[in-house]
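Work through these short exercises with the structure in view. Each task is followed by a worked solution.

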Amino acid sequence: MSKLFKNILLFSSTILILLGILIFSILWKYSNDIPDYKFLKSYKPSVSSKVYSRNGELVADFSKEKRVFVPYNAIPKNVINSFLSAEDKNFFSHPGVDAKGVLRAVINNISNIMASKRLEGASTITQQVAKNFLLTNEVSLNRKIKEAILAFRIERALSKERILELYLNQIYLGSGAYGVAAASLEYFDKSIRDLNYSEAALLAALPKAPSKYNPYKDKDLAKFRRNLVLKNLYENNYITSEWLEKLSNQEIKLKKKQKIYLEDAQYYIEDVRKNVIESFTYDKVYKQGLNINTPIDLDLQKIATNSLRSGLISYDQRKGWRGALINKPYNSNWYKDLDKYKLEKSINWKLAIVKKLNKFSAIVETIDKDDGVIEYKDISWTKKEFNQLLKIGDIIYVKQLKDKKYSLQQLPKINGGIVVMDPYTGRVLALNGGFSFKKSEFNRATQAKRQPGSAFKPFVYALALENNYTPTSLVLDAPLVLDQGDDLKLWKPENYGKKFYGPSTIRTGLEKSRNLMTVRIAQDLGLDKIINYSKKLSIYENPEELLSISLGSAETTLLQLTSAYSVFVNGGKLVEPVLIDRIQDSEGNTIYNNDKRSCVNCDAISYLSDDYPELKNKFTQIFSEETAYQMTSILEGVVQRGTAKKLRDLQLNIAGKTGTTNNNTDTWFIGFTSNLLVGVYVGMDSPTPLGKFETGSKTALPIFKNFIKNSVKKSEARPFKAAKDTIMMVVDPSTGQKAKFTSKNTIIEVFKKKNVVDGKVLYSNSDRIDINNILKFY
């Protein structure tokens, strides 16, 4: 027996030694080919960057994956307990690999193989962390060995809490959600702090097969898997039997997270996205969880978008019906392959097919399979009969009116943009760059460079007021022929309507948008001054040195031009358009701040000091306060008596200027109240004449009017604040002379105090203005 015992002992020892050598060899081989795991100590998963409105509302997120990172101590116990029960109940006791679990899986898999069932896994949470962060999903013995080795090493390098934190923030839980926090929002639209055990168990049920157990796809299967997790929770003593019965009987109640990326703000958000990426790189924006605060006002944004769309539709309908989108045979699948025609839901149009035509109506079926009727009055804008407009099988846009009544719609061929700003800070409160972001992402507010036409004239007149002109200075409105230089034709500018009005005041010239007067003023001021001021105002970058620039012949964007108008409202200071207020990193540190103000006396030591803290801006003074107010007054006159008089019925304190280029190709209106600045541009993407009477007053101004009507209360449009060193006098608008008591046609004119002596207006310090001494050009 002793010899047999010795032989057995020797054999066993040999086997153990060989087994040890084999294990050592395997470990030695695979240890040299294992990824570096030490970065997990400081690793943070990719987190989306969030964009917020001026009121703190979440309006967009920039991400590759839906993920919200939460530290371990912020994850509630019921979520942790659920995942431990579902994935790894011995997590806090094993060294990285669960020997009991492996043995149990081996035994169970023998019977599974015999029964042709799916094999059971035995990966611990630590092993899953090793696989998710450091290895591939390859199913092989090599990977499992590396996974086990890494699990042991990770356990030695990291705390259990850190491993669980990584797992719960990295794991994919279906519907594009990564991590428990994002999944909680995706399935229940609530914070993980507010999850009950039933909801937490559902999330814990998903890692096994996120697509298969997705409750949006199959609630019954998801409930079955959830109940298995609840049973595990009971067996692990996390819940009582009463809880188990109650929770198992609960139906799954989902509440899909509302879409945050607002359709009405897509042009604005896209410009923010591009600006942030340009400043901070793509990786930082999409991986490091920046918090981006913007000045966007969601209420104003919606009104601005609706106003722009309404104005573009109005113009388009004036040009008549262009025809159906396509024609298809009417059958049960007619709505297939129409994705390219779909628009934003906020436009509130539907695709429909014409089923039947009558003399005074058309029967249609919408893409939602609803039947409806278009009546004759709802095609009146086309000025055609039904049999001239449509055919059976035509695919068209319709808008639901009430019940089953629809109106005929068509996608506008024209496009445009609108910008709403705070003129004192430059903060862009709303911006829209086109009718439909889905149809075209090109931003007509920030990317389209177009001629501003007459909308540029106020800057020529402001420059004149800075150079000893007054609002009552007289300038000749008469034919003018100019030599533009070698190899260029003679230039013969004309007024709109091709009329001439003789000597007229500066005010009248701008109110009536007289081209010839503007050119004469520009000629007197000198081209260099106009070009330099246009650059200072950031309207143009390098315009051609032609006198036609005074009539807006160079190109600029709506955002640049609107921003430049702020000098008239804010006392002559240049502000830059602001789309981003502040950016913070994921730790809350401010890495970008657009605040241009400084605090004077903020470091005062004693509260008894007379030096009170005061916020001061750092904006550049372009025009004097007096000139800015004079221009505001003249631009109010444009609304009261000039090209923008369609705004008078709003009965608000509004100032602004229309703009129309040659052949009515581009149209503009830039206007403002005492605290809001709004710019509108309308034109074709490929510059094309809009029509004989399609001026800024007819196309762009109604969009401005619609916006103001729906966004500004009378109490908010306060009278414009007069500058200190100005004086007001009652004058005759046609002559510019001080009005007599018997005069019926008078206006209140604004003068700089330095230009008024003894009640009379001086042209300069030494010359008196007299109606009989027409200055400069007469």
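**Exercise 1.** The charged end of which residue sits over the ring of Tyr 501?

Solution. This model is predicted. Go to the ring of Tyr 501: the charged end of Arg 514 sits over it, 3.7 Å from the ring centre. Now go to Tyr 533. Lys 536 lies over its face, at 5.3 Å from the ring centre.

**Exercise 2.** Classify the aromatic pair of Tyr 187 and Tyr 216, then say what the pair ties together.

Solution. The whole structure holds 23 aromatic pairs. In one of them, Tyr 187 and Tyr 216 lie 5.5 Å apart, centre to centre, with 25 degrees between the planes. Planes under 30 degrees apart count as stacked, so this pair is stacked. Next, place the partners. Tyr 187 is in helix 7 (residues 180-188), and Tyr 216 is in the loop between helix 8 and helix 9, so the pair ties together parts 29 residues apart in sequence. Last, check accessibility. Tyr 187 is buried, at 0% relative accessibility. Tyr 216 is partly exposed, at 32%.

**Exercise 3.** Do the same for Phe 456 and Tyr 540, then name their aromatic cluster.

Solution. Their ring centres are 5.2 Å apart, and the planes make 35 degrees: a tilted pair. Phe 456 lies in the loop between strand 13 and helix 15, while Tyr 540 lies in the loop between helix 18 and helix 19, so the pair ties together parts 84 residues apart in sequence. Phe 456 is buried, at 1% relative accessibility. Tyr 540 is buried too, at 3%. Finally, the cluster: Phe 456 and Tyr 540 form one with Phe 459, Tyr 565 and Phe 568.

Technical notes. Residues are numbered from 1 along each chain as its sequence is written. This is a predicted model: local features need pLDDT of at least 70, side-chain atom pairs count only at pLDDT 80 or more; totals for chains, interfaces and linings use all residues. Side-chain values use heavy atoms; hydrogens and water are left out. Rings of Phe, Tyr and Trp (its six-membered ring) pair if their centres lie within 6.5 Å; planes under 30 degrees apart count as stacked, over 60 as edge-to-face and the rest as tilted. Helices (H or I, at least four residues) and strands (E, at least two) are DSSP runs, numbered from the N terminus. Buried means under 20% relative accessible area, exposed over 50%, partly exposed in between (1.4 Å probe, protein chains only). A charge sits over a ring if NZ of Lys or CZ of Arg is within 6 Å of the ring centre and within 35 degrees of the ring normal.
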